[in-house]
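Visitor: I am new to this structure. Please pick one part and take me through it closely, then show me what lies around it.

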Amino acid sequence: MAARVLSIIFNPFYLPLVGLVLLFWCSYLSKLNESYKWLILLTTYLFTILIPTYLIRVYNTYQGKRLFKLGPRERRMVPYIISIISYFACYYLLAYFHIPHFINLILVAALAIQITCAIINVWWNISTHSAGIGGVTGALIVFSVFFGFYLLWWLSLTLIIAGLVGSSRLILRRHTLAQVVVGYLLGLVITALIIIFI
């Protein structure tokens with residue numbers, strides 16, 4: 001039960017929103033107008049959590065028993081595609097309104113992680129949960145260097161959460177240890193590279 005709850009709470013859909021909240025709290029972006037920040041957070045919530053979750057539920061309901069005739073990889077591909085399209089729509093909408101660069105980088109990193117996991121998923125069941133929390137870790141490390149905030153407590157908390165999430169995926173037998181570790185490292189590296197070089 002605890003493993004299921006952890007998998008739900010730290011669903012990869014929530015992580016771009018968490019990244020933006022940290023960015024608004026720990027960087028110069030904290031000086032932005034409160035209503036402007038809430039508008040960005042609401043838009044991100046709609047396109048990275050609410051819309052993809054709703055569309056995936058509709059898809060699963062519509063497909064019904066037919067989903068069980070598909071293999072595990074095929075069942076996961078449509079949710080990946082739905083989330084990628086939703087993330088891209090969010091990025092495009094916020095870019096259209098010329099939001100600050102670092103906010104867009106969070107969405108670009110989340111989109112890159114989703115696309116990479118979807119491609120790898122064709123051959124191997126990589127852990128998107130671990131990739132998401134790895135992305136948060138990578139963003140924390142790079143933003144702490146850029147903005148000069150104290151990292152130790154945030155990094156410790158993130159590593160504990162990463163361990164809990166990875167363990168929950170193993171307990172639920174959704175992934176192997178290799179899939180969890182590779183997912184985490186993939187998310188960390190992709191996010192760090194995107195924030196540094198884009």
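Guide: Let us start with one residue, G19, which sits in helix 2. Keep in mind that this is a predicted model. G19 is buried, because its relative accessible area is 13%, and buried means under 20%. Now look along the sequence to L107. G19 and L107 are 88 residues apart there. In space, their C-alpha atoms are 9.2 Å apart.

Next, take the whole helix. Helix 2 covers residues 15-26, twelve residues in total. From first C-alpha to last, helix 2 reaches 16 Å. That is close to the 16 Å expected at 1.5 Å a residue. Helix 2 is also mostly covered, with nine of its twelve residues buried. The buried set starts with L15, P16 and L17. Then come G19, L20, L22 and L23. F24 and C26 complete the set.

Helix 2 also leads us to a pocket. The second largest pocket holds about 170 Å³ of space. Its lining has 13 residues. Those closest to the centre of the pocket are F10, V18, I133, V136 and I161. Three elements give two or more residues each to this lining: helix 2, helix 7 (128-147) and helix 8 (152-171). Helix 8 gives the most, with four residues. What kinds of residue make up the lining of the second largest pocket: nonpolar, polar or charged? Twelve are nonpolar and one is polar. None of the lining residues is charged.

For charge, turn to another helix. Side chains of opposite charge can pair when their charged atoms come close. A search of the whole structure finds one such salt bridge. The partners are E34 and K37, and their closest N and O atoms are 3.0 Å apart. Both residues belong to helix 3 (residues 34-63). E34 and K37 are three residues apart, so about one helical turn separates them. How covered is each partner, E34 and K37? E34 counts as partly exposed, because its relative accessibility is 48%. K37 is buried, because its relative accessible area is 8%.

Now go back to the start. G19 is one of the buried residues of helix 2. Helix 2 in turn is among the elements that give two or more residues to the lining of the second largest pocket.

Technical notes: Residues numbered from 1 in each chain as written. Predicted model: local features only at pLDDT ≥ 70, side-chain atom pairs only at ≥ 80, totals over all residues. Heavy atoms only, no water. Expected span 1.5 Å × (residues − 1). Buried < 20%, exposed > 50% of the residue type's maximum accessible area, 1.4 Å probe, protein only. 1 Å grid on protein atoms, 1.4 Å probe; cavity = no way out; pocket = protein on both sides within 12 Å on 5 of 7 lines; lining within 4 Å. Points joined across faces, edges and corners; volume = space filled by probe spheres on them. Nonpolar A, V, L, I, M, F, W, Y, C, P; charged D, E, K, R; others polar. Salt bridge = Lys/Arg side-chain N within 4 Å of Asp/Glu carboxyl O.
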